[in-house]
Amino acid sequence: MHQLQHRRSLIMESCSILKWEADRVPPLVSSALEKTVQKNEYMSSQLRKLRPDVVTIFHSSRVPPLSIRQYVARIFKYSRCSPSCLVLAFIYIDRFCQRTNVWLGSLNVHRLLIASVLVAAKFVDNGGLSNAYYAKVGGVGLHEMNKMEMKLLFDLDFRLYVTPEAFNRYCLHLENEATTKEEDLRRCRNRQ
(Lines give C-alpha, C1' and ligand atoms only; values in the text may rest on other atoms or scores of the structure.)
Protein backbone atom coordinates (compact mmCIF):
# COMPACT_ATOMS: atom_id res chain seq x y z
CA MET A 1 0.00 0.00 0.00
CA HIS A 2 2.80 2.41 0.87
CA GLN A 3 4.49 1.80 -2.50
CA LEU A 4 1.25 2.66 -4.34
CA GLN A 5 0.93 5.94 -2.42
CA HIS A 6 4.56 6.74 -3.27
CA ARG A 7 3.86 6.14 -6.97
CA ARG A 8 0.84 8.41 -6.84
CA SER A 9 2.81 11.18 -5.15
CA LEU A 10 5.55 10.95 -7.82
CA ILE A 11 2.95 11.54 -10.51
CA MET A 12 1.45 14.44 -8.60
CA GLU A 13 4.91 15.99 -8.11
CA SER A 14 5.54 15.69 -11.85
CA CYS A 15 2.48 17.77 -12.55
CA SER A 16 3.34 20.38 -9.95
CA ILE A 17 6.88 20.65 -11.35
CA LEU A 18 5.32 21.97 -14.56
CA LYS A 19 3.30 24.45 -12.49
CA TRP A 20 0.13 23.98 -14.49
CA GLU A 21 -2.98 25.68 -13.26
CA ALA A 22 -5.82 23.18 -12.88
CA ASP A 23 -8.02 25.07 -15.37
CA ARG A 24 -5.37 24.82 -18.06
CA VAL A 25 -5.23 21.02 -18.25
CA PRO A 26 -8.72 20.24 -19.65
CA PRO A 27 -8.26 22.45 -22.74
CA LEU A 28 -4.80 20.95 -23.34
CA VAL A 29 -6.14 17.39 -23.16
CA SER A 30 -9.20 18.15 -25.26
CA SER A 31 -7.10 19.95 -27.87
CA ALA A 32 -4.75 16.98 -28.22
CA LEU A 33 -7.69 14.56 -28.45
CA GLU A 34 -9.44 16.72 -31.06
CA LYS A 35 -6.28 16.93 -33.15
CA THR A 36 -5.77 13.16 -32.97
CA VAL A 37 -9.39 12.46 -33.93
CA GLN A 38 -9.21 14.86 -36.90
CA LYS A 39 -5.96 13.33 -38.14
CA ASN A 40 -7.18 9.76 -37.67
CA GLU A 41 -10.51 10.38 -39.38
CA TYR A 42 -8.79 11.94 -42.36
CA MET A 43 -6.38 9.00 -42.58
CA SER A 44 -9.17 6.50 -42.01
CA SER A 45 -11.17 7.93 -44.91
CA GLN A 46 -8.11 7.61 -47.14
CA LEU A 47 -7.21 4.07 -46.02
CA ARG A 48 -10.63 2.53 -45.39
CA LYS A 49 -10.13 -0.14 -48.07
CA LEU A 50 -6.70 -1.10 -46.75
CA ARG A 51 -7.53 -1.12 -43.07
CA PRO A 52 -11.13 -1.58 -41.96
CA ASP A 53 -12.17 0.06 -38.71
CA VAL A 54 -12.03 -2.09 -35.58
CA VAL A 55 -15.26 -1.73 -33.62
CA THR A 56 -14.98 -2.02 -29.83
CA ILE A 57 -17.22 -1.62 -26.81
CA PHE A 58 -16.06 2.00 -26.80
CA HIS A 59 -17.72 2.78 -30.13
CA SER A 60 -21.02 4.64 -30.15
CA SER A 61 -23.59 4.15 -32.86
CA ARG A 62 -23.51 7.90 -33.55
CA VAL A 63 -21.35 10.89 -32.71
CA PRO A 64 -22.31 12.26 -29.27
CA PRO A 65 -23.87 15.75 -29.19
CA LEU A 66 -21.16 17.20 -26.92
CA SER A 67 -17.86 18.23 -28.49
CA ILE A 68 -14.70 16.71 -27.08
CA ARG A 69 -13.90 20.03 -25.38
CA GLN A 70 -17.36 20.19 -23.77
CA TYR A 71 -17.14 16.56 -22.68
CA VAL A 72 -13.70 16.98 -21.08
CA ALA A 73 -14.91 20.12 -19.29
CA ARG A 74 -18.00 18.26 -18.04
CA ILE A 75 -15.98 15.33 -16.75
CA PHE A 76 -13.44 17.63 -15.07
CA LYS A 77 -16.16 19.70 -13.43
CA TYR A 78 -18.41 16.92 -12.14
CA SER A 79 -15.87 14.22 -11.34
CA ARG A 80 -13.61 16.71 -9.55
CA CYS A 81 -10.64 14.73 -10.81
CA SER A 82 -7.17 16.18 -10.46
CA PRO A 83 -5.29 17.65 -13.43
CA SER A 84 -2.84 14.74 -13.24
CA CYS A 85 -5.80 12.36 -13.47
CA LEU A 86 -6.77 13.92 -16.82
CA VAL A 87 -3.21 13.59 -18.09
CA LEU A 88 -3.17 9.94 -16.96
CA ALA A 89 -6.46 9.34 -18.77
CA PHE A 90 -4.87 10.76 -21.92
CA ILE A 91 -1.90 8.40 -21.46
CA TYR A 92 -4.22 5.42 -20.96
CA ILE A 93 -6.10 6.28 -24.16
CA ASP A 94 -2.82 6.46 -26.05
CA ARG A 95 -1.65 3.13 -24.59
CA PHE A 96 -5.00 1.51 -25.40
CA CYS A 97 -4.84 2.66 -29.02
CA GLN A 98 -1.25 1.44 -29.38
CA ARG A 99 -1.94 -1.97 -27.84
CA THR A 100 -5.19 -2.64 -29.71
CA ASN A 101 -4.54 -0.90 -33.05
CA VAL A 102 -7.79 1.01 -32.59
CA TRP A 103 -7.84 4.47 -34.10
CA LEU A 104 -9.23 7.20 -31.92
CA GLY A 105 -12.24 8.71 -33.66
CA SER A 106 -15.41 10.65 -33.07
CA LEU A 107 -17.34 7.44 -32.38
CA ASN A 108 -15.07 6.17 -29.60
CA VAL A 109 -13.24 9.14 -28.05
CA HIS A 110 -15.99 10.07 -25.56
CA ARG A 111 -16.47 6.57 -24.16
CA LEU A 112 -12.73 5.89 -24.03
CA LEU A 113 -12.29 9.18 -22.20
CA ILE A 114 -14.86 8.51 -19.47
CA ALA A 115 -13.53 4.98 -18.92
CA SER A 116 -9.94 6.27 -18.79
CA VAL A 117 -10.81 9.02 -16.32
CA LEU A 118 -12.62 6.50 -14.13
CA VAL A 119 -9.59 4.18 -14.11
CA ALA A 120 -7.13 7.06 -13.60
CA ALA A 121 -9.20 8.52 -10.76
CA LYS A 122 -9.28 5.19 -8.98
CA PHE A 123 -5.53 4.89 -9.38
CA VAL A 124 -4.34 8.40 -8.57
CA ASP A 125 -7.21 10.25 -6.88
CA ASN A 126 -8.27 7.44 -4.56
CA GLY A 127 -11.49 7.13 -6.59
CA GLY A 128 -14.06 8.24 -4.04
CA LEU A 129 -16.85 8.33 -6.62
CA SER A 130 -18.81 5.29 -7.76
CA ASN A 131 -18.99 3.83 -11.24
CA ALA A 132 -22.67 4.80 -11.26
CA TYR A 133 -21.68 8.44 -10.73
CA TYR A 134 -19.11 8.33 -13.56
CA ALA A 135 -21.68 6.64 -15.80
CA LYS A 136 -24.11 9.48 -15.14
CA VAL A 137 -21.44 12.13 -15.77
CA GLY A 138 -20.41 10.36 -18.98
CA GLY A 139 -23.93 9.75 -20.24
CA VAL A 140 -23.62 5.96 -20.36
CA GLY A 141 -25.37 3.17 -18.51
CA LEU A 142 -23.81 1.63 -15.41
CA HIS A 143 -23.55 -1.81 -17.04
CA GLU A 144 -21.72 -0.24 -20.02
CA MET A 145 -19.45 1.73 -17.68
CA ASN A 146 -18.48 -1.43 -15.82
CA LYS A 147 -17.80 -3.31 -19.06
CA MET A 148 -15.74 -0.45 -20.47
CA GLU A 149 -13.68 -0.23 -17.29
CA MET A 150 -12.90 -3.95 -17.40
CA LYS A 151 -12.11 -3.90 -21.12
CA LEU A 152 -9.74 -0.98 -20.66
CA LEU A 153 -8.01 -2.58 -17.69
CA PHE A 154 -7.52 -5.89 -19.50
CA ASP A 155 -6.33 -4.22 -22.70
CA LEU A 156 -3.84 -2.20 -20.66
CA ASP A 157 -2.86 -5.46 -18.95
CA PHE A 158 -3.63 -3.68 -15.65
CA ARG A 159 -0.44 -1.63 -16.15
CA LEU A 160 -1.61 1.70 -14.82
CA TYR A 161 1.63 3.00 -13.38
CA VAL A 162 3.30 5.72 -15.41
CA THR A 163 6.86 6.73 -14.57
CA PRO A 164 7.43 10.39 -13.72
CA GLU A 165 9.63 10.64 -16.82
CA ALA A 166 6.89 9.29 -19.10
CA PHE A 167 4.33 11.51 -17.39
CA ASN A 168 6.53 14.56 -18.03
CA ARG A 169 6.97 13.56 -21.70
CA TYR A 170 3.19 13.43 -22.13
CA CYS A 171 2.82 16.80 -20.35
CA LEU A 172 5.35 18.29 -22.76
CA HIS A 173 3.50 16.68 -25.66
CA LEU A 174 0.26 18.31 -24.52
CA GLU A 175 2.02 21.67 -24.18
CA ASN A 176 3.55 21.31 -27.66
CA GLU A 177 0.21 20.37 -29.20
CA ALA A 178 -1.37 23.50 -27.75
CA THR A 179 1.55 25.68 -28.83
CA THR A 180 1.44 24.28 -32.35
CA LYS A 181 -2.30 24.92 -32.56
CA GLU A 182 -1.86 28.51 -31.33
CA GLU A 183 0.96 29.13 -33.84
CA ASP A 184 -1.15 27.72 -36.70
CA LEU A 185 -4.03 29.99 -35.69
CA ARG A 186 -1.73 33.04 -35.53
CA ARG A 187 -0.34 32.23 -39.02
CA CYS A 188 -3.89 31.97 -40.41
CA ARG A 189 -4.86 35.29 -38.82
CA ASN A 190 -1.75 36.98 -40.20
CA ARG A 191 -2.62 35.83 -43.74
CA GLN A 192 -6.03 37.50 -43.60
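This report describes the helices, core, cysteines and selected residues of a predicted model.

**Overall layout**

The chain has eight helices and zero strands. Read from the N terminus, its elements run α-α-α-α-α-α-α-α. Of its 192 residues, 44% count as buried. Contacts across the sequence dominate the count: among contacts with a separation of 6 or more, 86% join residues 24 or more positions apart.

**The nonpolar core**

The largest nonpolar core has 55 residues. Which of them touch the most other members? They are Leu33, Leu88, Tyr92, Val117 and Met145. Seven elements are listed as giving two or more residues to this core: α2 (25-47), α3 (68-79), α4 (83-100), α5, α6, α7 (142-155) and α8 (164-191). Helix α5 gives the most, with twelve residues.

Val117 deserves a closer look. Leaving aside neighbours within four places in sequence, Val117 is in contact with Ile75, Ser79, Cys81, Cys85, Leu86, Ala89 and Tyr134. Two cysteines and a tyrosine are thus among the partners of Val117.

**Helices α5 and α6**

Helix α5 spans residues 109-124, and helix α6 spans residues 131-138. Their axes come within 10 Å and cross at roughly 145°. The crossing is right-handed. From α5, the contact is made by Ile114, Val117, Leu118, Ala121 and Lys122. From α6, Asn131, Tyr134 and Gly138 take part. By class, the contact has five nonpolar, two polar and one charged residues. Val117 is named in this contact, and Val117 is also one of the core residues that touch the most other members.

**The cysteines**

How many disulfides does the model have? The count comes to zero. Cys81 is unpaired because its sulfur is 4.2 Å from the closest cysteine sulfur, in Cys85, too far for a bond. The cut-off for a disulfide is 2.5 Å between the sulfur atoms. Cys85 is likewise in no disulfide, and the nearest cysteine sulfur to it is that of Cys81. Are these two residues buried or exposed? Cys81 counts as buried, because its relative accessibility is 5%. Cys85 also counts as buried, at 0% relative accessibility. Both cysteines are in contact with Val117.

**Positive phi in two loops**

Most residues other than glycine have a negative phi. Two loop residues of this model have a positive one. Arg80 is not a glycine, yet its phi is about 55°. Arg80 lies in the loop between α3 and α4. With 60% relative accessibility, Arg80 counts as exposed. Phe158 has a phi near 60°, again a positive value in a residue other than glycine. Phe158 lies in the loop between α7 and α8. At 44% relative accessibility, Phe158 counts as partly exposed.

**Three pairs separated in sequence**

The table gives C-alpha distances for three pairs of residues.

| Pair | Separation in sequence | C-alpha distance |
|---|---|---|
| Ser30 and Val72 | 42 residues | 6.2 Å |
| Val63 and Gly105 | 42 residues | 9.4 Å |
| Leu142 and Ser130 | twelve residues | 9.8 Å |

Ser30 sits in helix α2. Ser30 is buried, because its relative accessible area is 0%. Not counting neighbours within four places in sequence, Ser30 is in contact with Ile68, Arg69 and Val72. Helix α3 covers residues 68-79, so these partners, by their numbers, belong to α3.

Val63 is found in the loop between α2 and α3. Val63 counts as partly exposed, at 47% relative accessibility. With residues up to four places away set aside, Val63 touches Ser106 and Leu107.

Leu142 is found in helix α7. Leu142 is partly exposed, with a relative accessible area of 41%. Beyond neighbours within four places in sequence, Leu142 is in contact with Asn131, Ala132 and Ala135. Asn131 is also named in the contact of α5 with α6.

Definitions and conventions:
Residues numbered from 1 in each chain as written. Predicted model: local features only at pLDDT ≥ 70, side-chain atom pairs only at ≥ 80, totals over all residues. Heavy atoms only, no water. Axes fitted to C-alpha atoms, helices over the stretch in contact; angles between N-to-C directions. Helix = DSSP H or I, 4+ residues; strand = E, 2+ residues; numbered from the N terminus. Left-handed = near helix turned anticlockwise from the far one by under 90°. Contact = heavy atoms within 4.5 Å. Nonpolar A, V, L, I, M, F, W, Y, C, P; charged D, E, K, R; others polar. Buried < 20%, exposed > 50% of the residue type's maximum accessible area, 1.4 Å probe, protein only. Core = buried A, V, L, I, M, F, W, Y, C linked by side-chain atoms within 4.5 Å.
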